[in-house]
Structure formats: C-alpha cells, structure tokens
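Trainee: Could you take me through one part of this model in close detail? I would like to see how a helix and the loops beside it are described residue by residue.

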Amino acid sequence: MGYQQYGISPQLVERIKLKMKNPVIKDRIKGLTQGLTKADLQNSTKVHQLIRTASGILNEKLSSTQEQQMVQFVLAQRIDPNNTFHLIKLWGMFR
C-alpha cells in the first residue's frame with residue numbers, strides 16, 4: 001500500500017473509510033473537494049488546510065505528524081482531479 005510508505009496507519013484509513021459510508025459526511029467531504037485543481041493539490045498550505053477541515057468533518061483528531069505525513073503523501077501523488085486515471089489509481093490504493 002502506497003500510503004503506508006508515508007507512515008499513514010491502515011487503522012486510520014479503515015476508520016475513515018467506515019465514516020465515509022455515512023451519506024451526510026460523504027456529502028460534506030464532496031463539497032469540500034469540489035472544484036479542486038491540480039495546482040491546489042500541489043500547494044502544501046492548501047492541502048494542509050483541506051486535511052484539517054476534513055479531519056474536523058470526520059471528527060478525527062490528527063497529530064501534527066499525521067497531518068504532515070498526509071500532506072507529503074498527497075503532494076507526492078501529483079493528483080490531477082480532472083484525470084480519470086489518477087482517480088482510479090487512488091481508488092485502487094484505498095479499496
């Protein structure tokens with residue numbers, strides 16, 4: 001798993017996946033990510049802000065180390081939200 005290389009625990013990922021099955025939370029996260037661009041996802045300040053907001057929505061308390069690991073993971077993936085291949089690759093990572 002690619003995210004484990006960045007120190008992100010599988011337990012955290014499983015908790016978040018379970019919480020994302022709640023339609024209310026899922027809609028709030030969709031609203032947060034709607035309109036993001038590749039440039040947004042390569043801006044560490046913007047990614048850090050998105051992670052903090054998402055963790056609040058998900059009611060997950062993240063340490064500064066965990067936040068930094070997630071920021072590094074997102075930046076390293078060079079995600080283009082308009083590229084279907086990138087989205088499929090990410091989906092496969094967290095299935």
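Mentor: Here is a walk through one helix residue and two loop residues. This is a predicted model, in which local features need pLDDT of at least 70 and side-chain atom pairs count only at pLDDT 80 or more, while totals for chains, interfaces and linings use all residues. Residues are numbered from 1 along each chain as its sequence is written, and side-chain values use heavy atoms, with hydrogens and water left out.

Let's start with Val71, which sits in helix α4, residues 64-77 (helices are DSSP runs of H or I with at least four residues, numbered from the N terminus). Val71 counts as buried because its relative accessibility is 1% (buried means under 20% relative accessible area, exposed over 50%, and partly exposed in between, with a 1.4 Å probe and protein chains only). Setting aside neighbours within four places in sequence, Val71 is in contact with Ser44, Val47, His48 and Ile51 (contact means heavy atoms within 4.5 Å). Ile25 is 46 residues from Val71 along the chain, and their C-alpha atoms are separated by 21 Å.

Now for the loops. Asn59 lies in the loop between α3 (44-57) and α4. Its phi is near 55°, a positive value in a residue other than glycine. With a relative accessible area of 57%, Asn59 is exposed.

Arg78 belongs to the loop between α4 and α5 (84-93). Phi of Arg78 is near 50°, again positive in a residue other than glycine. Arg78 is exposed too, because its relative accessible area is 53%.

Terms used. Helix = DSSP H or I, 4+ residues; strand = E, 2+ residues; numbered from the N terminus.
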